[in-house]
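User: I have a model open here and would like to go through it slowly with you. Could you start with any term I'll need?

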Amino acid sequence: MKAWTLGSGSSGNALLLESGAHRILIDCGFGPRAIVTRLKAIGVAPESISALVLTHEHSDHAIGAERAQKKYRWPVYASTGTLGTLREIETRWRQPVDAGSTTVLDGFLLDAIAVPHDAVSPMAFVLTAQASGARVGIAHDLGAVPDALVGAFARCDALCLEANHDVDMLRTGPYPRMLQERIRSGRGHISNDTCAALAAALAGPSLRAVTLLHLSEVNNTPAKAEQAVTAGLQRANFRGPVRAAPRRSAGVAFALTARAQVSVQLTLGV
Ligand SMILES: [Zn+2]
Ligand SMILES: [Zn+2]
């Protein structure tokens, strides 16, 4: 399984996941032209993507969803609440996903978890590659970490987690008090420290890579986020890579070798 972020933060989010010939796009927070340019940068044709999965309807995650869907005829998997905000998508392309359920996609299983955030019905997801059994947990915007997420994200091979702000930079930064409170509230965005505690709680023997998403341009830096989460993970005995996703360009989030596949085969052989 391999993943690329195509951009990360309030200027637009999207993540491409690949397992063999199967490709899934998670969020589409760019216009169709920008999405095509970023996909081209990683050598992926939009026609080769078999589904679009949306975490929530905020424009930095969904602004291009309707137009790109119309052009490439992707089925769109999201909560009923999120789909309800996307009026341009025809009924036949809508694939409502319930929190707590598992949905079979082309080459992947999709587990959905409801998360607290100031959107209609936002979700985090675990995607499992059917060929290899490799699992990735993807949590974009969330104001707090629900117990259901900690349970669902256990035993992942890779994690993509929001690390929005450094607590001190937010407190002493230029944002007005009301906006600061919105971010800090249980329905805003999680800090580097909360991300670090979450990553440490999820660090099991199968975990190989951690990618940090949605860093604030004003209230965070890649170095601060990586440092905080690396420190948390070291206390949990994880020594693998911890990288902040590039804000305005495509970048590899992780590339897993077939270790997961081998372990599945060994388990089956016993
Ligand atoms: Zn949001
Ligand atoms: Zn966002």
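Analyst: One term comes first: a residue counts as buried when its relative accessible area is under 20%. Please also keep in mind that this is a predicted model.

User: Okay, so is aspartate 60 buried or exposed, and why?

Analyst: Aspartate 60 is buried, because its relative accessible area is 12%.

User: And which protein atoms hold the zinc ion (ligand 2)?

Analyst: The zinc ion (ligand 2) has as its protein donors Asp60 through OD, His61 through NE2, Asp141 through OD and His214 through NE2, and these lie 2.1 Å from the ion. Along the chain, these donors follow the spacing D-H-x79-D-x72-H. Aspartate 60 sits in helix 2, whereas histidine 214 sits in the loop between strand 12 (209–213) and helix 9 (222–235), so the pair ties together parts that are 154 residues apart in sequence.

User: What about histidine 214, buried or exposed?

Analyst: Histidine 214 is buried, with a relative accessible area of 4%.

User: Where does the other zinc ion come in, and which residue coordinates both?

Analyst: The zinc ion (ligand 1) and the zinc ion (ligand 2) are 3.6 Å apart, and the residue that coordinates both is aspartate 141.

User: Which donors does the zinc ion (ligand 1) have?

Analyst: For the zinc ion (ligand 1), the protein donors are His56 (NE2), His58 (ND1), His117 (NE2) and Asp141 (OD), at 2.2 to 2.3 Å from the ion. Their spacing in sequence is H-x1-H-x58-H-x23-D. This site also links distant parts of the chain, since histidine 56 is in the loop between strand 4 (51–53) and helix 2 (59–62), while histidine 117, 61 residues apart from it, is in the loop between strand 8 (108–114) and strand 9 (123–129).

User: Are those two histidines buried or exposed?

Analyst: Histidine 56 counts as buried because its relative accessibility is 1%, and histidine 117 likewise counts as buried at 1% relative accessibility.

User: Why is the arrangement around the zinc ion (ligand 1) called irregular?

Analyst: The four donor atoms there subtend angles of 93 to 163°, which makes the arrangement irregular. To count as tetrahedral, four donors would need all angles to lie between 85 and 135 degrees. Around the zinc ion (ligand 2) the angles are 90 to 157°, so that arrangement is irregular as well.

User: Changing topic, what is the order of the strands in the open sheet?

Analyst: The open sheet has seven strands in the order 6-5-4-3-2-1-14, and their pairing is mixed. Its edge strands, each of which pairs on one side only, are strand 6 (94–96) and strand 14 (251–255). From one strand to the next, the twist averages 25°.

User: How do strand 1 and strand 14 pair?

Analyst: Strand 1, residues 2–7, pairs with strand 14 in the antiparallel sense over four bridges, and tryptophan 4 has valine 252 in strand 14 as its bridge partner.

User: What does helix 1 lie across?

Analyst: Helix 1, residues 32–41, lies across strand 1, strand 2 (14–19) and strand 3 (22–26), and it runs at about 140° to strand 1.

User: One last residue: where is histidine 165?

Analyst: Histidine 165 is in the loop between strand 11 (158–162) and helix 6 (167–172), and it counts as buried because its relative accessibility is 4%. Its side chain is joined to that of asparagine 164 by a polar contact of 3.0 Å. Leaving aside neighbours within four places in sequence, histidine 165 has contacts that include Leu170, Ile183, His189 and Asn219.

Note on methods:
Residues are numbered from 1 along each chain as its sequence is written. Chains are lettered from A and ligands numbered from 1 in the order in which they are written. This is a predicted model: local features need pLDDT of at least 70, side-chain atom pairs count only at pLDDT 80 or more; totals for chains, interfaces and linings use all residues. Side-chain values use heavy atoms; hydrogens and water are left out. Donors are N, O and S atoms within 2.8 Å of the metal (3.2 Å for Na, K and Ca); water is not among the atoms, so sites may look incomplete. Four donors count as tetrahedral if all angles lie between 85 and 135 degrees; four count as square planar and six as octahedral if opposite donors are over 155 degrees apart and all others between 65 and 115; anything else is irregular. Helices (H or I, at least four residues) and strands (E, at least two) are DSSP runs, numbered from the N terminus. Buried means under 20% relative accessible area, exposed over 50%, partly exposed in between (1.4 Å probe, protein chains only). Two strands pair if DSSP finds at least two bridges between them. Axes are lines fitted to C-alpha atoms, for helices over the stretch in contact, and angles run from 0 to 180 degrees between N-to-C directions. Contact means heavy atoms within 4.5 Å. A polar contact is a pair of N or O atoms within 3.5 Å; within protein, one must be able to donate a hydrogen and the other to accept it, and residues adjacent in sequence count only if both atoms are side-chain atoms.
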